[in-house]
Amino acid sequence: MSQPSPSDTPRLVVCAIAGSLRRGSYNRALLRAAQEVAPDSLDIRIFDRLGDVPLYNADVEAEGDPEGVRALKDAIREADALLIATPEYNHSVPGVLKNAIDWASRPPRGSVLAGKPAAILGASPGMTGTARAQSALRQAFVFTQTPAMLQPEFLLGRANEKFDEAGRLTDEGTRTFLKQFLLALEAWTLRLRD
Ligand SMILES: Cc1cc2nc3c(=O)[nH]c(=O)nc-3n(C[C@H](O)[C@H](O)[C@H](O)COP(=O)(O)O)c2cc1C
């Protein structure tokens, strides 16, 4: 009997979202680096349409999800896991990311976020590497019942020194750790499936 080849093994789809609309975002660059270093078993798809998600409004929602919201929910629904790269704004999650999570958390029963394995990471030019924003995001994920991986934690401080002008993650130690982090997310996702 032949052994299954790696190509026979279904890849886990990871919906990756950066909480920044900025062209030169370190957090989006971190997700691109994740695509580069990911094991073959992970298919990391960057959802890059947060700018199309309007501000949450229950009146708008009552008329049906706007197209950008549907795209967001579809991307999360189709994924086996979430990878969220959050910037830190004023010690918390940037509004664009929180707003997207608020939309995705609806309806409370049957939300695409409920039960979806997730990993949180973040990059900041500051020393604390988005520690407080990540804590705030974990708090939101308690309510949405999104099981966020506990360890390892990925906090990239002094991000301005870790990428080149083209936005490529050049710090070898960070690249190595990012790969370990993704392997941990894979294990977390499979564990929650069983
Ligand atoms: C409104 C605002 C608030 C910020 N607050 C913090 C903060 O609390 N902690 C921090 O480390 N950086 C803070 N920053 C700096 C961001 O970490 C920095 O702009 C970072 O590059 C944003 O992520 P991005 O590169 O993915 O866009 C703040 C930036 C803005 C615009």
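The following paragraphs lead from the overall fold of this predicted model to its nonpolar cores and then to selected residues.

The chain contains six helices and five strands. In sequence order, these elements follow the pattern β-α-β-α-α-β-α-β-α-β-α. The C-alpha trace spans about 50 × 50 × 25 Å along its principal axes. For 194 residues, a compact globule would be expected to have a radius of gyration near 16 Å, and the 17 Å of the chain therefore agrees with that expectation.

The contacts and the surface may be considered next. Among contacts in the chain with a separation of 6 or more, 78% join residues that are 24 or more positions apart. Buried residues constitute 47% of the 194 residues. The chain exposes about 10300 Å², and 50% of this area is supplied by carbon and sulfur atoms. As for charge, the chain carries 23 positive and 24 negative charges, and the mean positions of the two sets are 3 Å apart.

The interior can be described through its nonpolar cores. In soluble globular proteins, nonpolar side chains tend to be buried together. In this model, the largest nonpolar core comprises 30 residues, and those with the most contacts inside it are Leu-30, Ile-44, Leu-83, Leu-121, Leu-178, Leu-182 and Leu-185. At least two residues of this core come from each of strands E1 (12–18), E2 (42–47), E3 (81–85), E4 (118–123) and E5 (154–156), and likewise from each of helices H1 (26–37) and H6 (172–193). The greatest contribution is that of H1, which gives six residues.

Leu-182 illustrates how such a core residue is surrounded. When its neighbours within four places in sequence are left aside, Leu-182 is in contact with Ala-34, Val-37, Ala-38, Pro-39, Leu-42, Ile-44 and Leu-83. Of these partners, Ile-44 and Leu-83 are themselves listed with Leu-182 among the residues with the most contacts inside the largest core. A second core, separate from this one, has 26 residues, including Val-69, Ile-76, Leu-137 and Ala-148.

Helix H6 also contains Thr-174. Is this residue, Thr-174, buried or exposed? Thr-174 has a relative accessible area of 9%, and because this value is under the 20% cut-off, the residue counts as buried. Apart from neighbours within four places in sequence, the residues in contact with Thr-174 are Phe-154, Leu-156, Lys-162 and Leu-169. Two of these, Phe-154 and Leu-156, fall within the range of strand E5 (154–156).

Key:
Residues are numbered from 1 along each chain as its sequence is written. This is a predicted model: local features need pLDDT of at least 70, side-chain atom pairs count only at pLDDT 80 or more; totals for chains, interfaces and linings use all residues. Side-chain values use heavy atoms; hydrogens and water are left out. Helices (H or I, at least four residues) and strands (E, at least two) are DSSP runs, numbered from the N terminus. The radius of gyration is taken over C-alpha atoms; the globule rule is 2.2 Å times the number of residues to the power 0.38. Buried means under 20% relative accessible area, exposed over 50%, partly exposed in between (1.4 Å probe, protein chains only). Contact means heavy atoms within 4.5 Å. Accessible areas come from the Shrake-Rupley method with a 1.4 Å probe; for residues, only the protein chains shown count as cover. Lys and Arg count as positive and Asp and Glu as negative; His and the chain ends are not counted. The place of a charge is taken as NZ of Lys, CZ of Arg, CG of Asp or CD of Glu. A nonpolar core is a set of buried Ala, Val, Leu, Ile, Met, Phe, Trp, Tyr and Cys residues joined through side-chain atoms within 4.5 Å.
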